[in-house]
Amino acid sequence: MDSSEMNEGEIHQIDSDDVIKEEDETENEEGEDLTEDAEALKAELAKIVVHPPSYEQSLMEEFDQAEFSPSYKDNLPKENLVLQYAENFRRQMVQLYRDRKPLFLNPVNECGVEKFVCTTIRPTLLEFKELYNWDGAAEFVADYLNIEPLKPEYELPKRLISPSTVLKRQKGNCFEYSTLLCSLLIGAGYDAYVISGYATKETCLADESRDICPLLKKKEEVQEEARKKEMKKYNVKPPRDLRSKFELKQESKKEAEKQAEKEKQRKEEEERIAELEKPPPDPYFGLRIHAWVLVLSGKREVPENFFIEPFTGLSHPMDSSNYLGIESVWNNVNYWVNMQDCSEGVKGLSFDLGDSTVWEFMFPNNDKPLLKIPDAEDDLNDMDDDERKYTSSSISTDDEEHEVEKYLDMPPSWVDALKLSHRDFQMRCPHGKKTKVYKRAKLEKFAHYLMKDGLISRLSVYEDRELTDLMKVHEYYAHRSDKLTQKLTNHRTGQVCENFDPGRPRCLKEHQFKSSTPGPENERVMIFYHEARVDGLVKREETQTEMTEEYSNRDDFLFYKYVEFGKRAKKFGPQETSSANKGRPINKMIQKFHRNRNKPANEDIAEIIFHVAEDKIHISYHTEDVRIAASTREFLKPPNWDEKGAVLTFNPEMHQTFQVDPMLPMNKQVELYEMLMELLKAEEKCRNEVRDSQNEVRNILDDRTKEEAASELDISVYDTERNEKAKKHRRELERQQLEEKMRKQEMDIDYLAPFLAKIGNPEKLSKQQAFSLKEECLADLKQRLIDKANLIQARFEKESQELEKKQAWYQQNQVSMGKEDEEEYLTYCKEAIFRIHILDLRLTRHKEQAPHKYMQLEQKLRNDERLSEFF
Amino acid sequence: MSRLYDTVEPAVIDEEMLKKAVEEQGPKEEAGKIAKQEGIDFGDVLSLRLDFLNILKIDNLWEFTKLTKLQLDNNIIEKIEGLESLVNLVWLDLSFNNIEVIDNLDSLTKLEDLTLYSNRISTIENMDSLLNLHVLSLGRNQLTDLENLRYLRRFKNLKTLNLSDNPFCKQDEYKQYVIAFLSNLEFLDYRLVDQQSRDAAIEKYQVSRDEMLHNEKQAEIKKEDETKRQQELEKHKNAYVELMNGPDLFEQMYAEDKEGQKLNEMPGLEDQLHSFKEKFMQICTQIFDFGIAEHEKREEEVKSFWECVEEAKQDNKRLGMVHIDEFTETKKRMLLEMSQMSDHKMVEQYARDYNDKIQVLWDKLMGLELQLVDQLEEVIKEFERNMQDMVGTFVENVQALLSQCRDLENNHHEKMMEIAIVTLEKVIKNELDDEISDDLKMLLVDKDTIINAVSSSHDVHLLKIDNKEDDIVTRINQSLKNLIEQIHQDEEITRNRMRVSEINNLIDHLREEMDNLEVMQN
C-alpha cells in the first residue's frame with residue numbers, strides 16, 4: 001500500500017513556513033555576531049535560563065458520557081481502518097515534509113474517542129427555510145454560537161466536538177463552527193469545505209472593531225447613465241459660444257489644480273487615518289491557527305468560489321487579506337492537503353482540488369475531475385493508470401484481498417442527526433441576545449419576542465473608536481402592533497425618524513421629528529403610503545409656522561399645498577378652553593395643480609395663492625404649449641365677505657388680470673363674479689382641509705404616544721407557541737378529543753360482562769359454559785323484551801280505562817256542565833286518544849322489532865370472539 | 001295632442017320672449033343683477049326653458065350656439081325645425097307637442113337625451129346621426145309597427161327607452177319583442193329590464209334575432225374591409241403611385257383606344273400581347289414598390305424634422321420660462337421691499353431699477369426668440385434642400401421607369417405593325433375570312449388605314465403614359481411646395497409674430513403694473 005500511495009501522489013517539496021525561515025536567518029545572524037564578541041555575549045546569554053516547556057493540562061470540559069449514542073464512544077471497524085489510513089498518510093507527510101506543521105486529521109471527540117475529521121461533518125438540511133441559502137446559514141451559525149478562542153492560538157486543538165453537541169452547548173472554537181456550518185451547507189447542496197489554515201489576529205478572535213458594520217455599508221447606487229442625447233438629423237445648432245476660449249481654458253486649468261489639491265489633501269488625510277487605525281503588530285502573525293469554510297462554484301448556482309468566515313457569517317473574496325495560509329481542506333468525503341506556497345497569503349491559490357500537483361488528496365476516490373490532459377498524453381496516462389492498478393493489486397493481494405477491488409471510501413458520519421427546535425432557532429443567539437462591536441459601531445441583536453417592545457436589533461454608531469461619543473442609534477423592530485419597523489435616533493441633531501410598515505390607520509410610512517419637541521405644530525416630516533390614502537397625500541412637512549403637503553394622483557390635479565400660519569392672537573380676559581384646539585390663524589395658502597389636458601391652458605389653474613391676511617386671491621394659469629408666459633388674475637375679496645348671509649357685491653375694481661393673448665375676449669362680469677364665489681368656496685374648503693390636516697397630525701401623535709406606552713406585539717395566528725388564544729383553542733380541542741374517547745369507551749360496554757361475572761370471570765370458557773352463557777344472555781333479552789311489551793300493554797290499558805271512565809262521567813253530567821268544563825273534557829279526550837294511539841303504535845312496533853333484536857343478539861353472540869370458537 | 005282650449009293665440013319665438021326666459025332662468029341675486037346690467041349674450045346661455053308658451057314654430061334660436069339643454073315641452077309645435085345650429089345640444093325636450101314626423105335632427109350629434117313624449121309620430125326615422133343617444137322617450141305617439149323598432153338598434157348607448165301608450169303596446173308580444181331586439185336596454189317603459197325577462201325574450205325570438213345579428217355582423221365586416229381598402233388607396237395616393245400595383249395603367253391605355261382593341265383581335269397577336277402586358281406590369285410594379293419605399297423615406301424625414309423642431313421649441317420655451325420665473329421672483333422681492341420703504345427717493349430709485357430689469361427681461365426674451373428664429377430658419381432650409389433632393393430622385397427614377405414603359409410600347413408597336421401588315425396581306429388573299437370580326441375587317445381594307453390605326457393606337461398609349469408621368473411629377477412637386485410653404489408660414493412667420501406680440505404684451509403689462517403702483521403710492 002505504501003508504494004502505491006507513493007506512486008499516486010506526486011508530493012512536491014514546498015517552501016517551509018516563512019516564519020520558520022525567518023527564525024533560521026536570525027539565528028544565523030546571531031551566530032556571526034558571536035564570533036565578534038564572544039565573551040560578552042556569552043555572559044549575556046548565560047543570564048537566559050531556558051525552562052523546559054511545562055505542559056499545561058488544559059482544562060477540558062467534561063461531558064456526561066451517558067447522553068451520547070454508542071457511535072460517539074466507539075469506532076466501527078471501518079472507522080478504525082480510516083484512522084489507520086490517516087495515520088499512515090500523516091506519517092508519510094511527516095517523512096516527506098519534515099518542516100510542515102502537523103495536519104488536523106483525527107482529534108478526539110467529546111467522549112475521548114479519536115475520530116477522523118471528515119466523518120465529523122454531518123450533512124443536514126434543517127427544516128428552516130432561512131438555512132437553505134448560504135448567507136442565512138452562515139449568519140445563523142455566527143449568531144447561534146459563542147466563540148471559544150483556541151488555546152494556545154498557534155496550536156491545533158486536541159479535541160473536535162461533534163456538531164450536534166455544539167448545537168446543544170451553543171459555543172465552540174473555529175473548527176467546531178466551521179464543521180457545523182459545513183454540515184449545514186453540504187446538507188443544503190453547496191460544495192462546501194472546512195479549511196484549516198492561518199489567519200490574522202482579528203479574524204481568529206472575531207474582532208470586528210476595525211471593520212465597518214455591514215449594515216452601515218452603503219449600497220452602491222447604480223448610477224443611471226444619462227441618456228445620451230440622440231443626434232438627429234435636424235437638431236438645431238446651439239447658439240454660438242461667444243466667450244473667450246483662452247479664458248475658459250485658463251479657468252478650467254485653475255479648477256483642475258484646485259481639484260487636484262483637494263484630492264491630494266483628502267488622500268493624505270485618509271492615509272493618516274488609516275495609519276492611526278492600523279492594528280498593533282501581532283507577535284504571532286502568521287502562526288494563528290484558524291478554520292473557515294470554502295464554498296466552491298458549480299453547485300446551487302454559485303458563480304464564484306468564496307470563503308465564509310464562520311465567526312461573522314460574512315463572505316470573503318478568494319484574495320482576502322484576512323487569511324494568511326491554508327494547510328488542508330476537507331469535506332465529508334475526502335481530505336486534501338495544500339501543496340501551494342502561501343507566502344503571499346491565500347491570494348492566487350488554485351482551488352482545483354482535482355489537480356494533484358497542488359492539492360494532495362488522501363483518498364483516491366477523488367470525485368473531482370482530474371486535470372485535463374491533452375490527447376497526446378492521454379495514452380501514456382492510461383497506461384500509467386493500468387500499471388498502477390496492476391501494481392497495487394499485485395502487492396496487496398496477500399493480506400487485504402477484499403480491499404483491493406475498490407478503494408477505501410469514507411464511512412458514514414458518526415454524529416447523530418442535527419436537531420434544532422423551533423424555539424431554539426427563534427431564540428437565535430445564546431439567551432436570545434448578542435452584542436457585536438464594529439468600527440465606531442455597536443450592534444446588539446435580540447431574539448424575536450424577547451424584548452417587550454419588539455426590538456430585534458439595535459445599531460449604535462459612535463463618533464470615536466472608543467465608543468463613548470454616541471452619534472446615532474438605529475433600532476429595528478418586529479411584530480409590533482403599531483407596525484413600527486425602524487427607528488433612527490440622531491443624538492447629534494436630536495432628529496428621530498420612525499419607519500412603519502403599511503397597514504396603519506392613516507397610512508403613515510415615515511415620521512421624522514425632533515425628540516426635544518415631539519408635540520404638534522413643530523418641525524416634522526410625515527411620509528404616507530399615498531396609494532392607500534383617499535386624498536393621495538404623499539408627504540406633509542411642518543415647521544413652526546408653515547405646513548407643506550404633497551399629493552399624487554388626485555382627480556382634481558392638486559399636487560402641492562402650502563400654508564403659512566400666523567401667531568395665535570393673545571387673548572385677554574378669561575381663557576377659553578377651546579381656544580387651544582382652535583388652531584393658529586392662517587396667513588397664506590398656496591395650492592398648485594397639474595395641467596388638466598381637458599381644459600384650455602388659459603382656464604386651467606396652475607396655482608392659487610390665498611392671501612388670507614390681505615384679503616386677496618391670486619391665480620396663475622398654466623402656460624399654453626406655444627407660449628412662455630402665463631395668464632394671471634387677482635381678486636380682492638368683497639369687504640363683507642366673511643359675514644354670514646350678506647349679499648356680496650361686486651365691482652370691476654376688485655379684479656385685475658393679465659391675459660397672455662390680448663386677442664381673447666374679456667371675461668364677463670357675471671363670470672368673474674361666479675369665479676370669485678367659487679374661489680371663496682375653495683378658500684373655505686382649503687381652510688377646512690388645513691384644519692383637518694392639523695387635527696390628523698394631532699391624532700397621529702396621540703396614537704403614537706399611546707402605542708409607545710403600550711408597545712403591544714402582534715402574534716401570528718399560526719404561531720401556536722405564543723398565541724395564547726390559539727393555545728387555548730388547541731387545549732380545548734385536545735380536551736374534547738379526550739372526552740370523546742372516554743365516551744366511546746363507555747359506549748363499548750361489554751354485554752357479556754354480567755354473565756361472565758356470574759361464573760366468576762374465567763380465563764377461558766369451556767364449551768358448556770359458553771352454551772349456557774349464550775342461553776342465559778338470550779333468555780335475558782327475551783325477558784326484557786317481554787317485560788317491555790307488558791309495560792306498554794299495561795299503560796295502554798290504563799289509559800283506555802281512564803278514558804272510558806271519563807266518558808261515562810261526561811255522559812252523566814253533560815247537562816249540568818259549564819262551557820269551560822266541557823272544553824276541558826274535550827281537550828282531555830283529544831290528548832288521551834292521542835296517547836292511546838301512540839302506545840298502540842309503540843306496541844305494534846315493539847312486536848315487530850322484538851324478533852329482530854333477538855336475532856341480532858344471537859348473531860352478535862355467535863360472532864363474539866370469546867364464544868365464536870364453540871359455534 | 002290637440003288641446004281643447006286652444007283659445008290662446010299661437011305664439012312665435014321672438015326677441016322679447018327669449019330675453020325674458022334667459023333673464024328668468026339666468027343667474028340669481030347679486031350675479032343676476034350684474035348680469036342684467038351687463039346684458040346676457042344668447043351665445044353664452046347653456047340651458048333654456050320655453051315651456052307652456054303656445055309656441056307654434058321653433059325659430060330664432062340660431063344665436064344659442066352653446067346651448068346644451070333645451071326644453072320646448074307643452075307647446076303646439078308641429079314640425080321639428082330651426083335647431084340646426086344648436087350643435088352642442090345634449091338634452092332636448094319636445095314632449096306634449098303636435099309633431100308628426102321626426103326630422104331635422106341630423107346636426108345634433110351630441111344629443112344624449114331626447115323626449116318626444118305625447119306627439120303624433122307614427123314612424124321612427126331620420127335619426128341616423130344621433131349615435132350618442134342614451135335616453136329616448138316616444139311614449140303616447142302613433143307608433144304601430146313593431147318592425148320599425150329595429151331602427152333603434154343603431155344606438156349602441158341607448159339604455160332607457162319609453163314606448164308606453166302607443167298603439168302597438170296592445171299587442172301581446174310587444175314587450176318581449178322590444179327586449180329581444182334591443183338587448184342593451186336597461187330600462188323600458190319606466191321599469192328595469194331584468195336578466196330573466198331578457199333571457200326569456202331572447203329565447204323566444206332566437207331565430208330571427210340570430211339572423212339579424214348575423215346580417216349586422218356581415219355588414220360590419222364589409223364596411224371594415226371597405227374602409228381598409230380606402231385607407232390603403234389613400235396611402236398609395238400619398239405615395240403618388242396609386243393603382244400602379246395592378247393592371248390599371250395598362251387597361252387605361254386601351255380604355256380609350258377602340259382601334260387598338262379591335263387590332264388586338266388580329267390572329268397571331270396573343271403571345272405578343274401577353275408578353276407585352278407582363279413586361280409592362282412588371283415595370284409598373286417596380287414603380288409602385290419604389291414609390292412606396294420613397295414615400296416611407298420621406299415620411300421618416302418629415303417626422304424627424306418635426307421632432308427636432310418641436311424639441312428646439314420646447315428647449316427655447318423652457319429657457320424663456322426660466323427667465324420669466326426669475327423675474328417674477330425679483331419682482332416679488334422688490335415690491336415687498338418697496339412697500340416697506342418710506343423714503344421717496346429710494347422708492348423712485350427702485351422703480352427705475354425695476355424698469356431696467358423689465359428692459360433686461362425684454363432683451364433676454366427677444367434674444368431667445370431671435371436665436372430660435374435663426375435656428376429654425378437654418379433647419380428649415382436644410383430640410384427643404386433634402387426634401388427637394390428626395391423628390392428629385394423620385395421623379396428621375398419614375399421617369400426612367402416610365403421611359404422603359406415607352407420603349408416597351410415602341411417595341412410592341414413595331415411588332416403590331418408587322419403583324420398588321422402580315423394580316424392585311426392574308427386578308428387581301430382572303431385567307432382569314434372567317435376568323436376576324438367585322439370591326440377588324442373595316443380596318444383591314446388597305447395599308448394606309450391599318451397603319452393609321454396602329455399608329456393612332458400607339459399614340460394613345462404613349463399619351464396615357466405621358467399623362468401618368470405628368471400627373472405624378474406635378475402632384476409631388478405641388479405637395480412639396482405646399483408643405484414647405486406651410487412650414488414657412490407656420491413656423492417662421494406666424495410663430496414668430498405670436499411670440500413677439502406675447503413678449504411685448506407681457507412687458508407692457510409689467511410696466512403698467514409698475515405705473516399703477518407708483519400712482520397708488522403717490
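Q: Buried means under 20% relative accessible area, exposed over 50% and partly exposed in between, judged with a 1.4 Å probe and protein chains only; how do you know that helix α9(A) is mostly covered?
A: Of the 14 residues in α9(A), 13 are buried, which means that each of those 13 is under the 20% limit. This is a predicted model, in which local features need pLDDT of at least 70 and side-chain atom pairs count only at 80 or more, while totals for chains, interfaces and linings use all residues. Residues are numbered from 1 along each chain as its sequence is written, chains are lettered from A and ligands numbered from 1 in the order written, and side-chain values use heavy atoms, without hydrogens or water.

Q: What makes the span of α9(A) close to the expected one?
A: A helix is a DSSP run of H or I of at least four residues, and a strand a run of E of at least two, numbered from the N terminus. Helix α9(A), residues 174–187, has 14 residues, and its expected span is 1.5 Å times one less than that number. The expected value is 20 Å, and α9(A) reaches 20 Å from its first C-alpha to its last.

Q: Which residues stand at the ends of α9(A)?
A: At the N-terminal end A:Asn173 is the cap, with a side-chain oxygen 3.1 Å from the backbone nitrogen of A:Phe175. Just after the helix, A:Gly189 takes a positive phi of about 100°.

Q: Why is A:Leu45 called partly exposed?
A: The relative accessible area of A:Leu45 is 42%, so it falls between the two limits given at the start. A:Leu45 lies in helix α3(A), residues 38–47, and together with A:Ile48 and A:Val50 it makes a nonpolar surface patch of about 310 Å².

Q: How do you know that β18(A) pairs with β17(A) and with β19(A)?
A: Two strands pair if DSSP finds at least two bridges between them. There are 4 bridges between β17(A), residues 524–528, and β18(A), residues 537–542, and 5 bridges between β18(A) and β19(A), residues 546–551. Both pairings are antiparallel. A:Ile527 stands opposite A:Lys539, A:Glu542 has A:Met547 as its bridge partner, and a hairpin of 3 residues joins β18(A) to β19(A).

Q: Why are β2 and β10 of chain B called edge strands?
A: The open sheet has 8 strands in the order β2-β4-β5-β6-β7-β8-β9-β10 (chain B), with mixed pairing. Within this sheet β2 (47–49) and β10 (191–192) each pair on one side only. The partner of β10(B) is β9(B), residues 187–188, with 2 bridges in the antiparallel sense, and B:Leu188 stands opposite B:Arg191.

Conventions. A polar contact is a pair of N or O atoms within 3.5 Å; within protein, one must be able to donate a hydrogen and the other to accept it, and residues adjacent in sequence count only if both atoms are side-chain atoms. Patches are made of residues with over 30% relative accessible area and no salt bridge: like charges are joined within 9 Å, nonpolar side chains (Val, Leu, Ile, Met, Phe, Trp, Tyr) within 5 Å. Accessible areas come from the Shrake-Rupley method with a 1.4 Å probe; for residues, only the protein chains shown count as cover. A salt bridge is a side-chain nitrogen of Lys or Arg within 4 Å of a carboxyl oxygen of Asp or Glu.
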